[in-house]
Amino acid sequence: MRQDAARSSALLAEEQSQTPAVVPPVGPGHWVSREKHREIIDLLNPEPAVVVNLQRINWALDFGFVGGATAGILSGALSLAPIAASDWDPECFADMLFVSELIDICMRIDIEGFEPTIDKRFLARLLTQPPKDSDVLEFRRAILQELAHEGELRALFNRTYRDLYRLRELFDSTKRLSESEDRTRRLDILSAIHEVIERLGNGFDGCKSGLSRIARFAQFARASAGYLRLCELLDYENHLASVDLKLRLGADGRIRRFEIVRMSENRENPFYRTPLGRFWIRLLFFFRGYMLSEVELINRWVDSIFDGVRQLLPPLIQLIGEMEFYLAALAFKELADTHRLSVSFPRFISGTPSAPARRVLRGLFNPLLFSQNITPIPCDIEDETWDTTTIVTGPNSGGKTRLLQAVGLAQMLGQCGMFAPVSEGVLNRASGLYVSLNAEARADQCEGHLGTELIRIRQLFENARYGSLIILDELCSGTNPSEGEEIFRLVVSLLRELRPCVFITTHFLQFAMRLCDESEAADGLCFLQVKLDESNCPTYRFIPGVAKTSLAQQTAARLGVTREELLALIRRGRLADPC
């Protein structure tokens, strides 16, 4: 191997010593630079930073260049890399909102048939840990908005990502190659680096958002000594000499005469050596006792060129994962467009006690329904204040749980800088998100239904922050109504101390009606019910008020749980029993 891990560590130490403003390591081998250098791209943060683990990346680049497998180090370079500071804890909601399924369903990148394998772990971290700094949010939105509105720029962005992805794949090749094939692969890597740098330098210079950093990086790269030597090598490799030929063809189209008229070598290239010069170099090595073959000389030569451009590669490896964030957001928008649904950037406002912030979600839909080949029915939610507790009632399978998921996803996507599943939104910046939906029983579950539910209520108060968004499905459904209502009232009254935005579904209809009628208790409460059509079927839209019935009998009939149908199943079972 040309360079071992010790040299990689030395290179890391050297680079760190040349970067005075360095934050202490965030993780093993990680460092974050806060200096504004042209060699840092960073499409996720207004203050550019290199966040990949340089020691691991440099080792993988060296090892991959000489033909070794990189064990996924390059493709997972950002999986554990530091991201913008966030107040949100994914453990409190990610599983309940099916974030991994959301990525698979709605954020599948397809560039003219090219479907890359993206770093889903890194993308999920960006989604579930929205930045607490509003400048980060606006920085990401500006990039996404420019890409969404500029068709040519979007096409260039796609091609650039594809070139970068191909470059990374060349390092990850595990195919056994002959010596000549491996040398060709190395030249392909160098050629791919050249193509990527040229692509970065053509088209991004006119951008008004953070995308302009790509052009600045390309300018820096093109001026570096290592890149200039790379260009000279590729020119030498592709243009050693020019040959003028003279052909004479017969009536049958066959060549009758072949004559070389003139041959001129590319003498202007710095790598050019005359035949006598090449012979003299070999002779000099021979007399000095160096028994180097021509192949070995070429390999050392190619390696030295790679050493000169390797410093440009870690920012490019980081760029791949950052581009996937925007490509995933655009894929989500395109999927919504195909279903004639609108997405947008919610407007975040901060309210005061005298002028509380409103909450508006128009055209809200649940994107998880795309997995069922269903076009979601959008609905509207509007309240005078953000810190309102909304109690949702309605029939089973009427869309209540899907509504809660949609509210949580809209807040999460909007606050991380992506498009939210709303045509228009006005929200407050939530300091956290807590979601508790009815979950299936587990083998390691220590408590019954009620005990498990009480544990999640306790966890809610342990994790909820002032100004959080809290979503509870079927609160206190694991016990009898009288005792459940008492716990329900306790939870609702104490949550007011945190001034959160709360959504709760319940089938305690009589209790909800009493809360609605009690003017003092209803302060800060809002009530939504599933809208029914003339046949008492749910429309999956919501209107103010409390539902009169859960339509349990209608749901049972729809699912085939009636006295007649169950008796028919019993009779069928008796007939099938030979005894």
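Start by selecting strand 5 (347–348) and strand 9 (residues 424–427), which run parallel and are joined by 2 bridges. Helices (H or I, at least four residues) and strands (E, at least two) are DSSP runs numbered from the N terminus, and two strands pair if DSSP finds at least two bridges between them. Click on Phe 348 and look across to strand 9: its bridge partner there is Leu 427.

A quick word on what's on your screen: this is a predicted model, where local features need pLDDT of at least 70, side-chain atom pairs count only at pLDDT 80 or more, and totals for chains, interfaces and linings use all residues. Residues are numbered from 1 along each chain as its sequence is written, and side-chain values use heavy atoms, with hydrogens and water left out.

**The four-stranded sheet**

Now add the other strands of this sheet. It is an open sheet of 4 strands in the order 5-9-6-7, with mixed pairing. Strand 5 and strand 7 (379–383) sit at the edges with a single partner strand each, so one side of each has no neighbour in the sheet.

Next, select helix 13 (residues 400–416), which lies across strand 5, strand 6 (359–364), strand 7 and strand 9. Helix 13 runs at about 110° to strand 6; axes here are lines fitted to C-alpha atoms, for helices over the stretch in contact, and angles run from 0 to 180 degrees between N-to-C directions. From first C-alpha to last, the 17 residues of helix 13 reach 25 Å, close to the 24 Å expected at 1.5 Å a residue (the expected span is 1.5 Å times one less than the number of residues).

How many residues of helix 13 are buried? It's 15 of the 17, so the helix is mostly covered; buried means under 20% relative accessible area, exposed over 50%, and partly exposed in between (1.4 Å probe, protein chains only). Step past the end of helix 13 and you land on Gly 417, whose phi is positive, near 110°.

**The six-stranded sheet**

Move on to another open sheet, this one with 6 strands in the order 10-11-12-8-13-14 and again mixed pairing. Strand 10 and strand 14 (538–544) are the edge strands, each pairing on one side only. On average, neighbouring strands of this sheet are turned by 15° against each other, direction ignored.

Begin at the strand 10 edge. Strand 10 pairs with strand 11 in the parallel sense over 4 bridges. Zoom in on Ser 436, which is in strand 10 (residues 433–436) and stands opposite Leu 472 in strand 11. Is Ser 436 buried or exposed? Ser 436 counts as buried because its relative accessibility is 3%. Show the side chains and you'll find Ser 436 making a polar contact with the side chain of Arg 456 at 2.6 Å (a polar contact is a pair of N or O atoms within 3.5 Å; within protein, one must be able to donate a hydrogen and the other to accept it, and residues adjacent in sequence count only if both atoms are side-chain atoms). Not counting residues up to four places away in sequence, Ser 436 touches Arg 456, Ile 471, Leu 472 and Asp 473, where contact means heavy atoms within 4.5 Å.

Slide over to strand 11 (469–472). In a regular strand the side chains alternate between the two faces of the sheet. Here both faces are covered: Leu 469 and Ile 471 on one side, and Ile 470 and Leu 472 on the other, are all buried. Strand 11 also pairs with strand 12 in the parallel sense over 4 bridges, and the bridge partner of Leu 469 in strand 12 is Cys 501.

Now select helix 15 (residues 481–495), lying across strand 8 (389–393), strand 11, strand 12 (501–505) and strand 13. Helix 15 runs at about 165° to strand 12. Helix 16 (residues 509–517) packs on the sheet too, touching strand 8 and strand 13.

Finish this sheet at strand 13 (residues 525–532) and strand 14, which run antiparallel and are joined by 4 bridges. Pick Gln 529 in strand 13, opposite Ile 543 in strand 14. At 15% relative accessibility, Gln 529 counts as buried. Beyond four places in sequence, the residues Gln 529 touches include Thr 393, Arg 541 and Ala 547.

**Zooming out**

Last stop: the whole protein chain, with 18 helices and 14 strands. Buried residues make up 47% of its 579 residues.
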